[in-house]
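Here is a short briefing on a predicted protein model, grouped by topic so you can follow along in your viewer. Have the structure open as you read.

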Amino acid sequence: MAEPKRPGHPRHKNSIRTEDSFTKPRDIERHSKLPYFLRMHGSITPRMLVPLGFIGLWATLITCISEFVYELVVSEILLTVLGFVVGLGISFRTSSAYERYVDGRKFWAQLSQTSRDLARHIWIHVDERHDADAELGKADLLGKVTALNLILAFAVSLKHRLRFEPYAQYEDLEQLIAHLSTFAGDAFDPETSEMKPKTSWKRGGEYLGLTFAESNPRKAIKRSKKNLGHLPLEILTYLSAYVNETVKGGQLPSGVQEAMVMANLASLNEVVAGTERVLNTPLPIAYSIAISQITWVYVIMLPFQLWHALRWITIPGTIVGAYIILGIAAIGREIENPFGRDENDLPLDKFCDGLEDELNVMASKKAPRMEDFIRSEDNSIMFDSSYPSLASKSTEDIRAGLRARTNIRAGCRRVTGGHVNGEKADV
């Protein structure tokens with residue numbers, strides 16, 4: 001289960017809090033004045049402490065044996081050959097992982113764009129029948145607000161699904177879909193669905209990147225005794241039903257608008273398929289195992305090849321080399337799934353909050369009518385002349401003013417080299 005949000009506390013915008021260094025995913029809106037090489041939040045360094053500690057002990061052992069007992073030295077040719085192979089493997093691993101990260105961001109950008117477009121079509125083009133009946137118009141208004149809530153619910157439910165959180169009883173989702181009949185809502189069982197809080201040892205192990213401390217991300221899905229369904233697609237079904245009713249009621253008077261709305265629903269379905277492809281098609285396990293084994297063999301062989309030239313400097317040299325090689329490989333593993341809760345994963349919570357704010361702004365005002373903003377006295381069309389003053393002119397005078405505006409503004413820009421406002425001229 002997703003952890004409930006806790007209310008924040010007022011603080012200065014430039015203040016630094018300890019918990020900000022452990023926020024997952026990293027808050028992209030937070031500004032840090034530290035140079036990149038000193039930053040820990042978002043860095044792979046904490047996960048490298050245990051491997052580097054092992055490599056440091058190993059390099060110390062090999063160095064001491066070579067110095068006091070027997071020289072354990074291999075040809076530097078092995079370093080060159082293995083280095084080439086390791087470079088290819090890490091490059092392939094990192095490029096494939098980043099490609100998945102970019103694909104995840106593209107699909108979420110498509111979700112944001114389509115959600116805004118669909119919400120605008122519904123809010124502007126679906127008629128509210130206040131003239132026919134006051135109660136009917138009120139019902140149409142509430143129906144449009146419900147549809148916008150379902151658009152937001154789709155994004156939030158997809159976020160939870162991509163994080164293997166299969167239920168509907170999450171703080172940011174439950175209120176949006178409490179009125180819907182869904183498999184995810186019916187499958188919730190407090191005895192089997194509530195996840196136990198992590199112990200400090202487990203949290204510390206995850207912070208250090210210890211694999212034995214990581215929980216199975218699909219644990220909640222496997223523990224369910226009922227069919228969990230597919231919540232985002234179920235929400236799309238309800239949205240389609242709403243669109244169907246508006247078409248039957250004649251609230252979408254144009255076939256073009258109806259086609260645009262249906263195309264947006266199809267685009268949201270495409271987002272579901274694309275994000276699930278990114279989530280469920282990782283790098284084949286054979287590649288992951290081979291690259292990991294080759295990388296570790298190379299790192300373990302480093303002190304054998306460095307001791308003859310560096311002597312005691314072999315120990316820090318091996319640690320630095322291991323940090324570079326293992327660190328890049330670890331970054332590839334972390335960003336392979338861009339929808340999780342690691343520091344460098346996509347901030348899906350922020351994206352959903354931003355979409356909610358945008359939909360709320362859209363719904364805060366009724367759909368504008370053309371005469372409300374075009375015929376306004378504040379509509380300064382040209383030369384500081386408002387619509388009412390220009391409406392009293394002839395069409396030929398208005399067109400002459402448009403031609404004059406072109407010449408005046410172009411000439412002023414050439415003279416001043418900047419933007420020009422508030423020119424005065426007779427129309």
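T114 is a good place to start: T114 lies in helix α2, and with a relative accessible area of 6% it is buried. Setting aside residues up to four places away in sequence, T114 touches N264, S267 and L268. Keep in mind that this is a predicted model.

**Overall make-up**

- The secondary structure of the protein consists of 16 helices and two strands.
- The protein has 427 residues, and buried residues make up 36% of them.
- Taking contacts between residues at least 6 apart in sequence, 74% join residues at least 24 apart.
- About 25,400 Å² of the protein is exposed, with carbon and sulfur atoms supplying 59% of that area.

**Nonpolar cores**

- As a general background point, nonpolar side chains tend to be buried together in soluble globular proteins.
- Here, the largest nonpolar core has 51 residues. Those with the most contacts inside this core are W108, L111, L118, I122, I177, I235 and L239.
- The elements that give two or more residues to this core are α2 (76-125), α3 (134-162), α4 (174-177), α5 (183-187), α9 (231-248), α10 (255-280) and α13 (348-363).
- Which element supplies the largest share of this core? That is α3, with 11 residues.
- For a closer look, pick L239: leaving aside neighbours within four places in sequence, L239 is in contact with L118, A147, L150, I151 and L265.
- Another core, of 15 residues, lies apart from the largest one. Its members include L82, I90, A322 and I325.

**E336, a buried acidic residue**

- E336 is found in the loop between α12 (314-335) and α13.
- Is E336 buried or exposed? Its relative accessibility is 13%, so E336 counts as buried, the cut-off being under 20%.
- The side chain of E336 makes a polar contact with the side chain of R93, at 3.4 Å.
- Beyond neighbours within four places in sequence, E336 is in contact with R93, A97, R100, P282 and L283.

**Salt bridges**

- The count of salt bridges in the model comes to 16.
- One of them joins the side chains of R129 and D140, with an N to O distance of 2.9 Å. This pair links distant parts of the chain, 11 residues apart: R129 sits in the loop between α2 and α3, and D140 in helix α3.
- The two partners fall into separate burial classes: R129 counts as partly exposed at 27% relative accessibility, whereas D140 counts as buried at 7%.
- K138 forms a salt bridge with E135, and the closest N and O atoms are 3.6 Å apart. Both K138 and E135 lie in helix α3, three residues apart, about one turn of the helix.
- K138 is partly exposed, with a relative accessible area of 42%, while E135 is exposed, with a relative accessible area of 54%.
- The side chains of D349 and R163 also meet in a salt bridge, at 3.2 Å from N to O. D349 lies in helix α13 and R163 in the loop between α3 and α4, so this pair ties together parts that are 186 residues apart in sequence.
- D349 is partly exposed, with a relative accessible area of 23%, and R163 counts as buried at 8% relative accessibility.
- Which residues are joined with this pair into one network? Salt bridges that share partners join K159, R163, D172 and D349.

**Cysteines**

- In general, a disulfide is a covalent bond between the sulfur atoms of two cysteines.
- How many disulfides are counted here? The count comes to zero.
- Two cysteines to look up are C64 and C352: C64 counts as partly exposed, at 27% relative accessibility, and C352 is buried, with a relative accessible area of 4%.

Note on methods. Residues are numbered from 1 along each chain as its sequence is written. This is a predicted model: local features need pLDDT of at least 70, side-chain atom pairs count only at pLDDT 80 or more; totals for chains, interfaces and linings use all residues. Side-chain values use heavy atoms; hydrogens and water are left out. A nonpolar core is a set of buried Ala, Val, Leu, Ile, Met, Phe, Trp, Tyr and Cys residues joined through side-chain atoms within 4.5 Å. Buried means under 20% relative accessible area, exposed over 50%, partly exposed in between (1.4 Å probe, protein chains only). Helices (H or I, at least four residues) and strands (E, at least two) are DSSP runs, numbered from the N terminus. Contact means heavy atoms within 4.5 Å. A polar contact is a pair of N or O atoms within 3.5 Å; within protein, one must be able to donate a hydrogen and the other to accept it, and residues adjacent in sequence count only if both atoms are side-chain atoms. A salt bridge is a side-chain nitrogen of Lys or Arg within 4 Å of a carboxyl oxygen of Asp or Glu. A disulfide is a pair of cysteine sulfur atoms within 2.5 Å. Accessible areas come from the Shrake-Rupley method with a 1.4 Å probe; for residues, only the protein chains shown count as cover.
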